[in-house]
Amino acid sequence: MTQDIQFQVECLAAELAEMLMSEYDWDIRRALDELYRSQTFAKLNDPECGLYYQGAVYIFQFLKNEIETGKLA
(Lines give C-alpha, C1' and ligand atoms only; values in the text may rest on other atoms or scores of the structure.)
Protein backbone atom coordinates (compact mmCIF):
# COMPACT_ATOMS: atom_id res chain seq x y z
CA MET A 1 0.00 0.00 0.00
CA THR A 2 1.40 3.40 -0.94
CA GLN A 3 1.77 6.20 1.58
CA ASP A 4 -0.92 8.19 -0.23
CA ILE A 5 -3.43 5.37 0.11
CA GLN A 6 -2.46 4.81 3.75
CA PHE A 7 -3.00 8.51 4.44
CA GLN A 8 -6.45 8.38 2.84
CA VAL A 9 -7.38 5.32 4.90
CA GLU A 10 -6.23 6.98 8.12
CA CYS A 11 -8.23 10.14 7.37
CA LEU A 12 -11.31 8.07 6.57
CA ALA A 13 -10.83 6.03 9.76
CA ALA A 14 -10.83 9.22 11.83
CA GLU A 15 -14.03 10.41 10.17
CA LEU A 16 -15.69 7.01 10.52
CA ALA A 17 -14.78 6.81 14.21
CA GLU A 18 -16.37 10.22 14.79
CA MET A 19 -19.48 9.11 12.95
CA LEU A 20 -19.71 5.95 15.07
CA MET A 21 -19.35 7.98 18.25
CA SER A 22 -22.12 10.30 17.13
CA GLU A 23 -24.48 7.61 15.81
CA TYR A 24 -24.16 5.13 18.68
CA ASP A 25 -23.01 7.40 21.54
CA TRP A 26 -19.83 5.34 21.93
CA ASP A 27 -16.53 6.52 23.35
CA ILE A 28 -13.49 6.68 21.09
CA ARG A 29 -12.11 3.32 22.26
CA ARG A 30 -15.34 1.45 21.43
CA ALA A 31 -15.69 3.23 18.09
CA LEU A 32 -12.13 2.38 17.03
CA ASP A 33 -12.44 -1.22 18.24
CA GLU A 34 -15.61 -1.73 16.21
CA LEU A 35 -14.14 0.00 13.18
CA TYR A 36 -10.82 -1.86 13.16
CA ARG A 37 -12.48 -5.28 13.64
CA SER A 38 -15.02 -4.74 10.88
CA GLN A 39 -15.03 -6.31 7.43
CA THR A 40 -15.68 -2.82 6.09
CA PHE A 41 -12.32 -1.66 7.45
CA ALA A 42 -10.63 -4.71 5.94
CA LYS A 43 -12.08 -3.73 2.56
CA LEU A 44 -11.02 -0.13 3.13
CA ASN A 45 -7.44 -1.34 3.63
CA ASP A 46 -7.48 -3.42 0.45
CA PRO A 47 -6.06 -1.26 -2.37
CA GLU A 48 -7.50 -3.68 -4.95
CA CYS A 49 -11.02 -3.00 -3.66
CA GLY A 50 -10.71 0.76 -4.13
CA LEU A 51 -13.10 1.61 -1.28
CA TYR A 52 -10.65 4.22 -0.01
CA TYR A 53 -11.63 6.39 -3.01
CA GLN A 54 -15.15 6.79 -1.61
CA GLY A 55 -16.34 9.37 0.89
CA ALA A 56 -16.79 8.69 4.58
CA VAL A 57 -20.60 9.00 4.43
CA TYR A 58 -20.78 6.34 1.72
CA ILE A 59 -18.47 3.98 3.60
CA PHE A 60 -20.34 4.63 6.85
CA GLN A 61 -23.49 3.16 5.32
CA PHE A 62 -21.66 -0.14 4.80
CA LEU A 63 -20.17 0.00 8.28
CA LYS A 64 -23.49 0.81 9.94
CA ASN A 65 -25.20 -2.02 8.08
CA GLU A 66 -22.45 -4.42 9.11
CA ILE A 67 -22.74 -3.40 12.78
CA GLU A 68 -26.52 -3.65 12.80
CA THR A 69 -26.93 -6.84 10.78
CA GLY A 70 -23.62 -8.59 11.41
CA LYS A 71 -22.74 -8.84 7.74
CA LEU A 72 -21.31 -6.70 4.99
CA ALA A 73 -23.91 -5.51 2.48
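This report covers the nonpolar core and the aromatic pairs of a predicted model.

**Core**

The largest nonpolar core holds 18 residues. Within this core, Leu-16, Leu-20, Leu-35 and Leu-44 touch the most other members. Four helices each give two or more residues to the core: H1 (3-24), H2 (28-37), H3 (39-44) and H4 (56-69). Helix H1 supplies the largest share, seven residues. In soluble globular proteins, nonpolar side chains tend to be buried together.

Leu-44 deserves a separate look. Setting aside neighbours within four places in sequence, Leu-44 is in contact with Val-9, Leu-12, Leu-16, Leu-51, Tyr-52 and Ile-59.

**Aromatic pairs**

The structure holds four aromatic pairs. Among them is Tyr-24 with Trp-26. Their ring centres lie 4.7 Å apart and their planes meet at 20°, so this pair is stacked. Tyr-58 and Phe-62 form an edge-to-face pair, with 5.2 Å centre to centre and 75° between the planes. Both residues sit in helix H4, four residues apart, so about one helical turn separates Tyr-58 from Phe-62.

How do the four ring residues rate for accessibility? The table lists them.

| Residue | Relative accessible area | Class |
|---|---|---|
| Tyr-24 | 21% | partly exposed |
| Trp-26 | 14% | buried |
| Tyr-58 | 44% | partly exposed |
| Phe-62 | 23% | partly exposed |

The cut-off for buried is under 20% relative accessible area. Trp-26 has 14%, so Trp-26 counts as buried. Tyr-24 has 21%, so Tyr-24 counts as partly exposed.

Key. Residues numbered from 1 in each chain as written. Predicted model: local features only at pLDDT ≥ 70, side-chain atom pairs only at ≥ 80, totals over all residues. Heavy atoms only, no water. Core = buried A, V, L, I, M, F, W, Y, C linked by side-chain atoms within 4.5 Å. Buried < 20%, exposed > 50% of the residue type's maximum accessible area, 1.4 Å probe, protein only. Contact = heavy atoms within 4.5 Å. Phe/Tyr/Trp six-rings, centres within 6.5 Å; stacked < 30°, edge-to-face > 60°.
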